[in-house]
Every structure is written in structure tokens, then in C-alpha cells.
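Please open the model in your viewer and keep the selection tool at hand. The tour proceeds from one selection to the next.

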Amino acid sequence: MARSLYALLSHRFDPAAHRPNRRDVLKAALAATAGQLLSDVVAAQPCRNGPRVLVIGGGFAGLAAAHELSSAGYRVTVLEARDRLGGRVLTFTDLVPGKVVEGGGELTGPNQPTWMAFGRRFRLTFYRVNWGDDAWESPVILEGRRLSREQARALWEELEQAHQLFHADARTINDAEQPWTAPNAAALDRRSLAAWIQGLTVSPQCKRAFALEFQTINGVHCAWQSYLGNLAMIKGGGLERYWTETDTLKVQGAINSSPAAWPRLSAPPTSVCILP
């Protein structure tokens, strides 16, 4: 997500309201601690007679599934069609001399407890992305038109109004992992995000900015996005904390794609097969 337009404008015009305080940081730490992995409580033991499981794909999801299954005593084989592991996560150290360039996914945040739990499990070091003071004052250009500071503030005030309505609906999602159990879930799911945006009593410019923001986040047109799905995403990310904590951390060090790194990335009893 990097930094959304809403997050950037919020930091510019109301930084205190959108900066996590000490209580929020402690709550995030407790949430991360709650992200308990099976591998944290069950020691991985090689098992020659356990049930066999085949995992298709050696991306982060496949490797995580293989590691957890292996910790539970399954005999796991990971099949990967590429000549490396990591899927969409890949670090280049030879693309730009003296620089590290990420070729895919690179960001996480303290509101993602499973990521934080794997960080503890594999002793990963996270560091906060430093956007720099200039980033918060970057010019706002919407549909080819540069907004003045007064126009940007007016846009933020409308976006704030829209987001508050959005968060109010997100609070009705009792379980972000099972949003279909929410009251009126079927109706919320039938409604597209685009339809909800069109129903807002804000300016056309604000509607366009809101739509562009969520198209960037989810990678598809808002007419193809479930309103319920987006509510679950925001609720799972901590409501307002979704905008202040999501995609704010990186992992120290490169993702090594060489075969020598594979034993470190997969559990000892797990085998990895590279398909021809």
C-alpha cells in the first residue's frame, strides 16, 4: 500500500490524531503477541511415518504452510516451478550498483500479527520505513491537476468524512476472518465499493480520490470490489490503525534466492522440489 493519499493528507493536516500514541503501540504489541504460531509451541520433529502433504508453490504462503504442517508432524513436500523460493518477494542487490532494490512485496506492519509472529520465530529484525519530512509535504496531483494547500485541505476534510462513515460500517464486522457472519453480510457483499462511493454526499473530486486510493490498494476497479471484503480488510487492520500501521515496516536484510538459503527458509523435515 505504501502511503495512501488519505494517510499522507492526515499526517499533513491533523498529525496528532493519526499518529499512534503509547497506548496504541502497546495494543499493537499485544496483538502481535496474540499471533501464535503452531511452530511456537510444537517443536519440529522429523517424522518418517506421518501423513504426507504436498504444498504447491514455494512463495511465502507455501513456505509458511509447509513449516507449520511440518511442525505438526506431517511429511511435507513443496513443489516450486521456478528456480528459487520466495514467490513475489525477491531482493535484487545487483540491479543498481551499491543499492538494494525490492522486486516485489517488501512491506508489513505491526497490525499484521502473523507476520510479527514469524518475525519472532525466525529472529527477523524489522525497521520502520522513514518516508522523510519532505514526503508529507509532497504536492498533491489529482487527475493531472496540482492542488493548492487550501484545496488539499478541503479534499482531506471530505476524505476524513468518508473514511469515518467507512469505519463505522467496518465496526459492524464482528470477525474480520469470517465477515460473512456479520449482520446484513449478504447485502454488504452484493454491494460494490464503487456503488458505496457513488452514494457519498461529497464532491466528485473526493469520490474520485477515494476510488483511486482503493484501486491502488487492491489492484482492481472499485466496481469489482466487494464492499464487505473491504470492510473486513479495514477491520482486520485495526480500523483507524489500518492507515497508520499497514506497510510501515521492512525486514532487515535481503531475501536470498540461492539454493544455499533454502534449508534456512524451510523446516528441517520439509523437502523442496524444483519442477523442470
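Does Glu245 count as buried or exposed? Please select Glu245 in this predicted model: at 4% relative accessibility, the residue counts as buried, since buried means under 20%. Now add Arg241, with which Glu245 forms a salt bridge; the closest N and O atoms are 2.8 Å apart. Both residues belong to helix 12, where a spacing of 4 residues separates them by about one helical turn.

**Other salt bridges**

The structure has 4 salt bridges by count. For the next one, select Lys250 and Glu106, whose side chains meet at 2.7 Å, N to O. Lys250 is in strand 8 (residues 249–251) and Glu106 in the loop between strand 4 and helix 5 (113–121), so this salt bridge ties together parts that are 144 residues apart in sequence. Lys250 is partly exposed at 22% relative accessibility, and Glu106 is partly exposed at 34%.

Proceed to Arg208 and Glu143, where a salt bridge of 3.0 Å, N to O, joins the side chains. This pair links distant parts of the chain, 65 residues apart: Arg208 sits in helix 10, and Glu143 in the loop between strand 6 (141–142) and strand 7 (145–146). Arg208 counts as partly exposed at 33% relative accessibility, whereas Glu143, at 60%, counts as exposed.

**The aromatic cluster**

Select Phe166, Trp196, Phe210, Phe214, Tyr227, Tyr242 and Trp243 together; ring pairs link these residues into a cluster. The count of aromatic pairs comes to 12. One of them joins Phe166 and Phe210, with ring centres 5.9 Å apart and planes at 70°, so the arrangement is edge-to-face. Phe166 lies in helix 7 (residues 149–170) and Phe210 in helix 10 (residues 204–218), 44 residues apart. Phe166 is buried at 0% relative accessibility, and Phe210 is likewise buried at 0%.

Within the cluster, turn to Phe214 and Trp243, an edge-to-face pair with 5.9 Å centre to centre and 75° between the planes. Phe214 belongs to helix 10 and Trp243 to helix 12 (residues 240–245), so the pair ties together parts 29 residues apart in sequence. Both Phe214 and Trp243 are buried.

**A charge over a ring**

Select Arg121 and Phe122: Arg121 lies over the face of Phe122, 5.7 Å from the ring centre.

**The surface patch**

Finally, select Phe92, Leu95 and Val96, which form a nonpolar patch on the surface with about 250 Å² of accessible area together. Leu95 is placed in the loop between strand 3 (91–92) and strand 4 (101–102). With a relative accessible area of 55%, Leu95 is exposed.

Conventions: Residues are numbered from 1 along each chain as its sequence is written. This is a predicted model: local features need pLDDT of at least 70, side-chain atom pairs count only at pLDDT 80 or more; totals for chains, interfaces and linings use all residues. Side-chain values use heavy atoms; hydrogens and water are left out. Patches are made of residues with over 30% relative accessible area and no salt bridge: like charges are joined within 9 Å, nonpolar side chains (Val, Leu, Ile, Met, Phe, Trp, Tyr) within 5 Å. Accessible areas come from the Shrake-Rupley method with a 1.4 Å probe; for residues, only the protein chains shown count as cover. Helices (H or I, at least four residues) and strands (E, at least two) are DSSP runs, numbered from the N terminus. Buried means under 20% relative accessible area, exposed over 50%, partly exposed in between (1.4 Å probe, protein chains only). Rings of Phe, Tyr and Trp (its six-membered ring) pair if their centres lie within 6.5 Å; planes under 30 degrees apart count as stacked, over 60 as edge-to-face and the rest as tilted. A charge sits over a ring if NZ of Lys or CZ of Arg is within 6 Å of the ring centre and within 35 degrees of the ring normal.
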